[in-house]
Amino acid sequence: MRIDLSFSASSFDELQLRDKNVIVIDVLRSSTTVAAALNNGAREIIPVASIESAVKISGSLFGEVTLRGGERNGKIIEGFNLGNSPREYTESTVRGKSIIFCTTNGSVAMAKSRYAKNMAVASFVNLTRVVEYMKEINNDFWIVCAGKAMGLGSFSLEDAVCAGMILDRLEKENSLPMELSDSSRAAQLLHKSLGRSLLKMMKNSDHGQYLKEIGFEEDIKVCAAVDSIPVLPVLSGNVLKLRKDDRAPESELAQGTK
Ligand code: MLT
């Protein structure tokens, strides 16, 4: 099992991921928001790379079952229903909805991975589910850290530490030999040195400090809670859905028992 890693979504072309097994990480906050929304009953998440695409797609979908969610500079986009705080995606808001999702880096990385053979969305909140998924596929993977394009350079510390934690778990639990690229090994070393206090690491990261400045400090705690949302968002066609064994039967959702 060879694992390569990109520290930023801007560092590769989408065709480089064609037919590959891909894990997308955007801890603060897109990956966490996707897990929260699907866990709370959203039907699907449609990641798009631009606001124009979001408007175009939502125009062609049926309004009553479609929401637009996302951010620019961490704040809700004008004309959207939801921002990118995982706490906004409550069951009463998202159950049964298709969510067109547009964020600065996370949705771009997810959209760029649409040609992958397999793709799952990872964060600290669903870390063990992701490790189990990678062990099950048991083949080469490409980990894509969304990174940051908001004038803070493209490297995201929390994404890299999350990737390193996944690699550490895999190395301990997987019987098969793993071949790590230099970037994968670097992420693992970052987790070894910073993984003991994820909340402190995230509060002090560039984006964590920015989120605190704009009033989203509470989101950092939500995003740091390991395995608190144990679901697996996977690519299904061009959209993200819960892996079928995570999905409540439609009837349960309709009855509101999920
Ligand atoms: C991103 O996609 O760059 C982040 O998730 C932005 C954010 O939600 O603050």
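**Exercise 1. In which loop does Asp-19 lie?**

Let's start with the backbone of this predicted model.

Step 1. Find the strands β1 (2-6) and β2; Asp-19 lies in the loop between them.

Step 2. Now look at the backbone angle. Asp-19 has a positive phi of about 65°, although this residue is not a glycine.

**Exercise 2. Find the cis peptide bond that involves Arg-29, and place Arg-29 in the chain.**

Step 1. Go to the bond from Leu-28 to Arg-29: this peptide bond is cis, and its omega is near 10°.

Step 2. Next, place the residue. Arg-29 belongs to the loop that runs between β2 (21-25) and α1 (30-39).

Step 3. Keep Leu-28 in mind, as this partner in the cis bond returns in Exercise 4 as one of the residues nearest the centre of the largest cavity.

**Exercise 3. Describe the surroundings of the ligand and its polar contacts with Asp-26, Asn-105 and Gly-106.**

Step 1. Begin with the shell. The ligand is surrounded by 13 residues, and the closest are Asp-26, Asn-84, Asn-105, Gly-106 and His-207.

Step 2. Sort that shell by character: two residues are nonpolar, eight are polar and three are charged.

Step 3. Check the distances to oxygen atoms of the ligand. For Asp-26, a polar side-chain atom is 2.9 Å from a ligand oxygen. Asn-105 also uses a polar side-chain atom, here at 2.7 Å from an oxygen atom of the ligand. With Gly-106 the atom is a backbone N or O, and it lies 2.8 Å from an oxygen of the ligand.

Step 4. Ask how much of the ligand is covered. On its own, the ligand exposes 260 Å², and the protein buries 100% of that area.

**Exercise 4. How many cavities of 30 Å³ or more does the structure hold, and what lines the largest cavity?**

Step 1. Here is the idea behind the search: rolling a probe the size of a water molecule over the atoms reveals where empty space remains.

Step 2. Count the results. The structure has one cavity of 30 Å³ or more, and the volume of the largest cavity is about 80 Å³.

Step 3. Look at the walls. The lining of the largest cavity has 14 residues, with Asp-26, Leu-28, Glu-71, Asn-84 and His-207 nearest its centre. By character, this lining divides into two nonpolar, eight polar and four charged residues.

Step 4. Finally, connect this with Exercise 3: the largest cavity is the space that the ligand takes up.

Conventions: Residues are numbered from 1 along each chain as its sequence is written. This is a predicted model: local features need pLDDT of at least 70, side-chain atom pairs count only at pLDDT 80 or more; totals for chains, interfaces and linings use all residues. Side-chain values use heavy atoms; hydrogens and water are left out. A residue is near a molecule or strand if one of its heavy atoms lies within 4 Å of it. A polar contact is a pair of N or O atoms within 3.5 Å; within protein, one must be able to donate a hydrogen and the other to accept it, and residues adjacent in sequence count only if both atoms are side-chain atoms. Accessible areas come from the Shrake-Rupley method with a 1.4 Å probe; for residues, only the protein chains shown count as cover. On a 1 Å grid over the protein atoms alone, a cavity is a set of points where a 1.4 Å probe fits but cannot get out, and a pocket is an open set with protein on both sides within 12 Å along at least five of seven lines; lining residues have an atom within 4 Å of a point. A molecule sits in a cavity or pocket if more than half of its atoms lie within 2 Å of its grid points. Ala, Val, Leu, Ile, Met, Phe, Trp, Tyr, Cys and Pro count as nonpolar, Asp, Glu, Lys and Arg as charged, and the others, Gly among them, as polar. Grid points are joined across faces, edges and corners, and a volume is the space filled by probe spheres set on the points. Helices (H or I, at least four residues) and strands (E, at least two) are DSSP runs, numbered from the N terminus.
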